[in-house]
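Visitor: I have just started with structures. Could you show me one and explain the words you use?

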2 protein chains.
Amino acid sequence: MATDTGSLDALIQALRRLPGVGAKSASRMAYHLLQHDRGGAELLSQALRQASSRIHHCARCNTLTEAEICDVCSDPSRDGTQLCVVETPADQSALERTGAFRGYFYVLMGRLSPLDGIGPKEIGLQKLFERAGDGTVREVILATNFTAEGEATAHVIAEGLKARGLRVTRLSRGVPVGSELEYVDAGTIAHALSDRR
Amino acid sequence: MATDTGSLDALIQALRRLPGVGAKSASRMAYHLLQHDRGGAELLSQALRQASSRIHHCARCNTLTEAEICDVCSDPSRDGTQLCVVETPADQSALERTGAFRGYFYVLMGRLSPLDGIGPKEIGLQKLFERAGDGTVREVILATNFTAEGEATAHVIAEGLKARGLRVTRLSRGVPVGSELEYVDAGTIAHALSDRR
């Protein structure tokens, strides 16, 4: 395009940094904001600046927070003997919604993914080992996703924690509640069979 | 989520103002920026602010520009007797890439869409009528999209311009170059038949 639209081009390029946003989506977003939602553009600009300057990692559980220690970690009514390891804050929320877990969390903010250059250092495994070895934690529950990368991450963490003498458990695999066997994939049924109780 | 993540929640809400971004995408974007791309967050914040403050509508063709009159409208080598009406700057770019048009443009920045509350006033038809009636324009080429809304928009503009004594043409409909009839939809073939030359 022409030289008179430098800041439009810059905006489109910046929007492409968002995950899942390509050239077409970015230009659609830019035109939408400039044409119909200048207030939204201003709001987003401020929200980005504010979040970027205020949010950092919780010193205990590694999740994103504005405080030194996040709300969950600051809650003294929780059970300090149980530590649940999840990949993301969204996974943590999913577990919290069940109301079935009252221990503390450790949020990896990712998973091991050697092909993407994400190793033990990038997801802060050392910090997790220190957290788990605080003397209070008795059981570490691995709740990483049941994907290839999530399983590999759980395996590496389990090895490291067992070497430190901690009890390590994993969420059970099996048939989802409310589902009919006919529609459940074979791998899940095989796991449900071998883990039967 | 907890009260210690106010600016994270605000960022997620602000990202949802982008077209095509729902709750899940917005939180994925927010976590990505805060976890892996703080530079991108800063860049996007600045780009939004800059674009929002610098970019406005071209006084002649209504497109988005940083100048009073955009580059295309400022080019004296173009043919002032032809004015091509398009819906968006992206449509204008598509026509420019053909190299087949050397007149000026008028960019509606939208289309008539009564159900969405977009009427003649919202897409600045009065400004278009004034632009087309400058005494130099002889022919107005309607290049709105060949969708229901684009066709309706073209129809309304054509009525208005004909009442002002201007020659109004429309891009031809027909079989796309390089396509095989077998795979072209019936509506397109029917138009290609009736508009045969």
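Guide: What follows is a short round of questions on a helix and on how two chains meet.
This is a predicted model: local features need pLDDT of at least 70, side-chain atom pairs count only at pLDDT 80 or more, and totals for chains, interfaces and linings use all residues. Residues are numbered from 1 along each chain as its sequence is written, chains are lettered from A and ligands numbered from 1 in the order written, and side-chain values use heavy atoms, without hydrogens and water.

Visitor: How do you know that the span of helix α7 of chain A agrees with its 15 residues?
Guide: The expected span is 1.5 Å times one less than the number of residues. For residues 148-162 that gives 21 Å, and the end C-alpha atoms are 21 Å apart, so the two agree.

Visitor: What makes A:H155 exposed?
Guide: Exposed means over 50% relative accessible area, buried under 20%, and partly exposed in between, with a 1.4 Å probe and protein chains only. A:H155 is exposed, as are A:A148 and A:K162. On the other side of α7(A), the buried residues include A:G150, A:I157 and A:L161.

Visitor: What makes B:R49 and A:E42 a salt bridge?
Guide: The rule asks for a side-chain nitrogen of Lys or Arg within 4 Å of a carboxyl oxygen of Asp or Glu. Here the N to O distance is 3.9 Å, so the pair qualifies. Across the interface of chain B and chain A, the rule finds four salt bridges.

Visitor: Why is the relation of the chains called a two-fold axis?
Guide: A rotation of 180° with 0.0 Å of shift along its axis superposes chain B on chain A, with RMSD 0.1 Å. The fit is by least squares on C-alpha atoms of residues with pLDDT of at least 70 in both copies. That is the relation of a two-fold axis.

Technical notes:
Helix = DSSP H or I, 4+ residues; strand = E, 2+ residues; numbered from the N terminus.
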